[in-house]
Structure formats: C-alpha cells, structure tokens
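Biologist: I've got a new model open and I'd like to work through it with you, one question at a time. Can we put it up on the screen?

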Amino acid sequence: MPRTLALDIRPQRLSEIVGHEKLVVTLRVLLSDRLPSGIMFTGQTGSGKTTFARIIAASLQCSHQKQIGDPCDDCYKARAEFCIYEINA
C-alpha cells in the first residue's frame with residue numbers, strides 16, 4: 001500500500017519539530033512536572049496538532065526515552081496498543 005511523503009517524514013520526537021520551538025519547550029516543562037489530565041491543541045489545518053498529540057501519547061508510555069518528548073522507535077510504533085485514545089474532531 002503506497003504511503004504519502006507527508007506520513008513518511010512526519011516527526012516522531014519533539015526534538016524533530018521545526019518552527020514550534022517555544023511550544024516544544026513549554027510542553028517539555030509541562031510534561032516533566034505533573035501530568036495534565038488533558039491537553040487541547042487548536043490551530044489551522046496542517047499546523048501539527050495531531051503530530052504533537054501522537055508524540056506526547058507515545059512519550060507518556062515510553063520508559064526508554066532520555067528526554068521527555070523523545071519516545072523510542074518501538075514505543076512510537078506501538079502507540080496504538082496503549083490505553084490512550086485519539087479523538088479527532
């Protein structure tokens with residue numbers, strides 16, 4: 001099944017995000033302290049909301065990461081098996 005280039009090059013870690021440096025720092029601080037019960041991202045289509053949410057979901061489950069927001073490859077690929085649900089409105 002062919003995949004699109006956008007899916008192949010989608011960032012899998014906060015350290016790979018370009019153009020949202022302030023948000024990355026804010027999320028790292030937020031997630032390193034006390035875990036919030038929810039996070040809502042708003043913005044235009046294509047601004048990275050789903051990408052951020054998927055990275056955070058995998059990061060919350062990964063115990064192998066060196067820095068919060070940088071889940072290992074295995075945990076990122078297995079994020080569908082975690083007890084975190086993605087609701088896309």
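Biologist: Which exposed residues sit on the face of H2 turned away from its buried side?

Modeller: Keep in mind that this is a predicted model. A residue counts as exposed when its relative accessible area is over 50%. On the face of H2 turned away from the buried side, the exposed residues are Lys 22, Val 25 and Val 29.

Biologist: And which residues of H2 are buried?

Modeller: For these we want a relative accessible area under 20%. Looking down the axis of H2, the buried residues fall within an arc of 100°, so they line one face of the helix. Those residues are Val 24, Leu 27, Arg 28 and Leu 31.

Biologist: Which helix is included in what covers the buried residues of H2?

Modeller: Those buried residues include Leu 27 and Leu 31. Part of their cover comes from another helix, spanning residues 49-61. That helix is H3.

Biologist: How far apart are the end C-alpha atoms of H3, and why does that agree with what you'd expect?

Modeller: H3 has 13 residues, and at 1.5 Å a residue they should span 18 Å. The expected span uses one less than the number of residues, because that is how it is defined. The model agrees with the expectation, with the end C-alpha atoms of H3 apart by 19 Å.

Biologist: What covers the buried residues of H3?

Modeller: H3 has a list of buried residues, including Phe 52, Ile 55 and Ile 56. Their cover includes H2 and a helix at residues 73-77. So besides H2, the helix to look for, because it is the run numbered that way from the N terminus, is H4.

Biologist: Let's zoom in on Thr 51. Is Thr 51 buried or exposed?

Modeller: Thr 51 is in helix H3. Leaving aside neighbours within four places in sequence, Thr 51 is in contact with Arg 10, Pro 11 and Ile 17. With a relative accessible area of 11%, Thr 51 is buried.

Biologist: Now over to H4. Which residues does Tyr 76 contact, leaving aside its neighbours within four places in sequence?

Modeller: Tyr 76 is found in helix H4 and is buried, with a relative accessible area of 6%. Its C-alpha atom is 8.2 Å from that of Arg 54, though the two are 22 residues apart along the chain. The contacts of Tyr 76 are Arg 10, Pro 11, Gln 12, Arg 54, Ile 55, Ala 58 and Pro 71.

Biologist: Gly 69 is in a loop. What is the C-alpha to C-alpha separation of Gly 69 and Ile 55?

Modeller: The loop holding Gly 69 runs between H3 and H4. At 1% relative accessibility, Gly 69 counts as buried, and Ile 55 is among its contacts. The two residues are 14 apart in sequence, but in space their C-alpha atoms are separated by 6.5 Å.

Biologist: How many residues apart in sequence are Arg 13 and Ile 55?

Modeller: Arg 13 lies in the loop between H1 and H2, and at a relative accessible area of 17% it is buried. Arg 13 touches Ile 55, and Gly 69 as well. The C-alpha atoms of Arg 13 and Ile 55 are 5.9 Å apart in space, while in sequence the residues are apart by 42.

Biologist: What about cysteines? How many disulfides does the whole structure have?

Modeller: A disulfide is a covalent bond between the sulfur atoms of two cysteines. The sulfur of Cys 62 has its closest cysteine sulfur 3.6 Å away in Cys 75, too far for a bond. For Cys 72 the closest is also in Cys 75, at 3.5 Å, and that is too far for a bond. A search of the whole structure gives a disulfide count of 0.

Biologist: Last one: which helix gives the largest share of the lining of the largest pocket?

Modeller: That pocket has a volume of about 890 Å³. It is lined by 30 residues, with Ile 39, Ala 53, Tyr 85, Glu 86 and Ile 87 nearest its centre. The largest share, 8 residues, comes from H3.

Definitions and conventions:
Residues numbered from 1 in each chain as written. Predicted model: local features only at pLDDT ≥ 70, side-chain atom pairs only at ≥ 80, totals over all residues. Heavy atoms only, no water. Buried < 20%, exposed > 50% of the residue type's maximum accessible area, 1.4 Å probe, protein only. Helix = DSSP H or I, 4+ residues; strand = E, 2+ residues; numbered from the N terminus. Arc of directions from axis to C-beta. Contact = heavy atoms within 4.5 Å. Disulfide = S-S within 2.5 Å. 1 Å grid on protein atoms, 1.4 Å probe; cavity = no way out; pocket = protein on both sides within 12 Å on 5 of 7 lines; lining within 4 Å. Points joined across faces, edges and corners; volume = space filled by probe spheres on them.
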